[in-house]
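Trainee: I should like to work through this model with you, question by question. May we begin once the structure is displayed?

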Amino acid sequence: MYYELSNHWKIPGIGFGTWQIVDQQEADRAIEMALQCGYSLIDTASKYKNEEIIGDALKHTGADREKIFVEGKVWNKDRGFEKTLAAFEKTRKKLQLDYLDAYLIHWPASALFYEDWAKINAETWRALEKLYEEGLVRAIGVCNYEIEHLNELEKSANIKPMLNQVEFHPGTFPEEIYRYCCEENIQMQAWSPLGNGQLLENETVKKIAGKHKKSPAQVCLKWCVQKQVIPLPKSVTPKRIQENISLGDFLLTEEEMKQLEEIV
Ligand code: A2P
């Protein structure tokens, strides 16, 4: 299943998260398993400090470049026009790719820490626009952006963000930014869609999973999918990698969606 971004570039409906994968052997096994199971979106970030091993792992699989969708992110210390361009080049080399499918700003500079936060974000965004115009990235976007950050960015941007990746899982439903992104045709992605694994012991999740004869992880992921948000579950365990992409066509009821939303 794919979504179409606002620039008509297609993006897979589920992705594979790589946060906390730190070892080459583990990366090789996990990425190979993920591609075999049908994931094609691989979500990375320079902050994860594993771009080299993910790049090597992708190379070892011999995957057809056109058939995978690789995402990267610029970290906070690299904000600004020149620094972002330099950071992108490092990322591209480490991942051993000619182009990235999506490149995102990892966190906005916020008013809490920077007086000139809006200018910093605008400059970082200008670098992403340049990379996009040069064909080095197929889509550009942001992560963890609130409405005020997007509104401010709009004032100087030539290109609208195509993606916004935020924390999104049962119990954490950022309703305002979700509605805004739906209206503005900004595709949302979910980081930690399993609540970093902690949601899987939740009684509400387990009860709903039992009713559908699915696992708690599958219920959390389906909750994202039914909201048309792209989940990016991370796992290095073969059985779980498979389980997380084998959601099947079961549907959560409106009542169940609501119960999951309201988990505290
Ligand atoms: P592991 O990598 O050891 O398999 P999130 O994507 O929300 O950040 O969650 C990642 C955490 O959830 C990891 O600790 C991962 O463990 C665990 N995890 C991923 N998929 C499953 C699953 N299907 N069942 C149980 N735990 C899972």
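Trainee: In what order do the 8 strands of the open sheet run?

Mentor: The model is a predicted one. Its 8 strands form an open sheet, and their pairing is parallel. The order is β3-β4-β5-β6-β7-β8-β9-β10.

Trainee: Which strands stand at the edges of the sheet?

Mentor: An edge strand here has a single partner strand, so one side of it is left without a neighbour in the sheet. That applies to β3 (15-17) and β10 (230-231).

Trainee: Which residue in β10 is the bridge partner of Gln-189?

Mentor: Strand β9 covers residues 187-191 and runs parallel to β10, joined to it by 2 bridges. For Gln-189, the bridge partner in β10 is Ile-230.

Trainee: At what angle do the axes of helix α5 and helix α6 cross?

Mentor: In α5, Ile-147, Leu-150, Asn-151 and Glu-154 meet residues of α6, among them Tyr-180 and Cys-181. The residues of this contact divide into 5 nonpolar, 1 polar and 3 charged. The axes of α5 (residues 147-156) and α6 (residues 175-184) come within 10 Å, and they cross at roughly 35°.

Trainee: How much of the ligand's accessible area does the protein cover?

Mentor: The ligand is surrounded by 16 residues, with Lys-234 and Arg-240 among the closest. Oxygen atoms of the ligand lie 3.1 Å from a polar side-chain atom of Ser-192, 2.9 Å from a backbone N or O atom of Val-236 and 2.6 Å from a polar side-chain atom of Thr-237. Of the 580 Å² of accessible area that the ligand has on its own, the protein covers 83%.

Note on methods: Residues are numbered from 1 along each chain as its sequence is written. This is a predicted model: local features need pLDDT of at least 70, side-chain atom pairs count only at pLDDT 80 or more; totals for chains, interfaces and linings use all residues. Side-chain values use heavy atoms; hydrogens and water are left out. Axes are lines fitted to C-alpha atoms, for helices over the stretch in contact, and angles run from 0 to 180 degrees between N-to-C directions. Helices (H or I, at least four residues) and strands (E, at least two) are DSSP runs, numbered from the N terminus. Contact means heavy atoms within 4.5 Å. Ala, Val, Leu, Ile, Met, Phe, Trp, Tyr, Cys and Pro count as nonpolar, Asp, Glu, Lys and Arg as charged, and the others, Gly among them, as polar. A residue is near a molecule or strand if one of its heavy atoms lies within 4 Å of it. A polar contact is a pair of N or O atoms within 3.5 Å; within protein, one must be able to donate a hydrogen and the other to accept it, and residues adjacent in sequence count only if both atoms are side-chain atoms. Accessible areas come from the Shrake-Rupley method with a 1.4 Å probe; for residues, only the protein chains shown count as cover. Two strands pair if DSSP finds at least two bridges between them.
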